[in-house]
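Thank you for making time this morning. I would like to walk you slowly through one structure, so please bring it up on your screens before we begin.

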Amino acid sequence: MKQKETLSNTQLEPEELDDLDFAHVGTSYDTPLRADAFEMDDELKVEMISKHFKEIMQILGLDLDDDSLQGTPQRVAKMYVQEVFSGLNPKNKPSARLFENKYNYDQMLVEKDITFYSHCEHHFVPIYGKAHVAYFSSGKVIGLSKINRIVQYYAKRPQVQERLTVQISNELQQILDTEDVAVVVDATHMCVSSRGVNDTNSRTGTAQFSGKFLDQQIKTEFLNYINSNTEI
Ligand SMILES: [Zn+2]
């Protein structure tokens with residue numbers, strides 16, 4: 001089992017937790033999962049979340065006998081387990097099939113504007129945006145749709161944007177057997193735009209550059225490409 005890379009494992013005081021929420025800083029590159037995270041099957045998870053969500057709605061004062069609300073707890077539970085948080089479960093991880101780099105293409109390969117939807121782990125509201133990924137082949141290449149699937153897999157978790165960026169980069173480095181990977185994520189956090197400071201215009205950028213991408217010229221080439229508007 002992989003060692004957890006913990007940046008800080010000290011217990012935080014409640015005020016410090018508030019600060020953490022405000023700064024949107026994560027404490028680990030690995031999603032903090034319980035040891036027994038997958039002992040319960042998906043069916044039981046849906047049943048239990050549904051029961052608890054129903055209670056939340058009732059506490060809020062909603063009448064669950066109303067036709068429009070009746071199915072909501074079950075709908076939310078299914079959406080959590082089978083869709084928006086399905087990336088928590090390693091069984092849903094996309095399998096990585098590699099191909100020989102037959103054309104001996106040794107330049108940068110960029111896949112930009114990969115749309116993703118995630119959820120902020122501090123407020124459980126959406127984070128959405130675009131991921132831009134690039135790599136240099138070490139002899140193998142990956143199907144382009146697989147890069148999208150890797151981004152979606154890590155997005156479908158309660159996340160912090162920094163961790164999402166690093167997780168995508170780590171996964172690609174491992175699959176492609178190269179450090180020469182760059183990931184840039186540009187996102188809107190609904191916990192910032194729709195509540196709290198209600199800032200509807202700000203976006204958050206994060207980047208992880210490794211290997212050759214630490215070279216300023218190569219980094220610039222990648223950034224110029226993702227900022228360019230190539231119409232085909
Ligand atoms: Zn948030």
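**Two helices and a core**

Let me start with the pair of helices H5 and H6, where H5 passes H6 in a right-handed crossing. Please keep in mind throughout that we are looking at a predicted model. In general, two packed helices are described by the angle between their axes and the distance between the axes. Here the axes of H5 and H6 come within 10 Å, and they cross at roughly 140 degrees, which means that H5 counts as oblique to H6.

Which residues meet at this crossing? From H5 we have Ile150, Val151, Tyr154 and Ala155, and they meet Leu164, Gln167, Ile168, Glu171 and Leu172 of H6. Sorted by character, the residues of this contact are 7 nonpolar, 1 polar and 1 charged.

That brings me to the largest nonpolar core, which has 27 residues, and in which Ala131, Val133, Val151, Ile168 and Leu172 touch the most other members. Two or more residues each are given to this core by strand E2 (109-120), strand E3 (126-135), helix H5 (144-155), helix H6 (161-176) and strand E6 (181-189), and the largest share, 6 residues, comes from H5. If we take Val133 and leave aside residues up to four places away in sequence, Val133 touches Glu111, Ile114, Ile147, Ile168, Leu172 and Val183.

Finally, let us turn to Gln74, which lies in helix H4, residues 72-84. Gln74 has 16 other C-beta atoms within 10 Å and is therefore partly exposed. Its C-alpha atom is separated by 7.1 Å from that of Val46, although Gln74 and Val46 are 28 residues apart along the chain.

Key
Residues numbered from 1 in each chain as written. Predicted model: local features only at pLDDT ≥ 70, side-chain atom pairs only at ≥ 80, totals over all residues. Core = buried A, V, L, I, M, F, W, Y, C linked by C-beta atoms within 7 Å. Buried ≥ 20, exposed ≤ 12 C-beta atoms within 10 Å, placed from the backbone. Helix = DSSP H or I, 4+ residues; strand = E, 2+ residues; numbered from the N terminus. Contact = placed C-beta atoms within 7 Å. Axes fitted to C-alpha atoms, helices over the stretch in contact; angles between N-to-C directions. Parallel < 35°, antiparallel > 145°, perpendicular 65-115°, else oblique. Left-handed = near helix turned anticlockwise from the far one by under 90°. Nonpolar A, V, L, I, M, F, W, Y, C, P; charged D, E, K, R; others polar.
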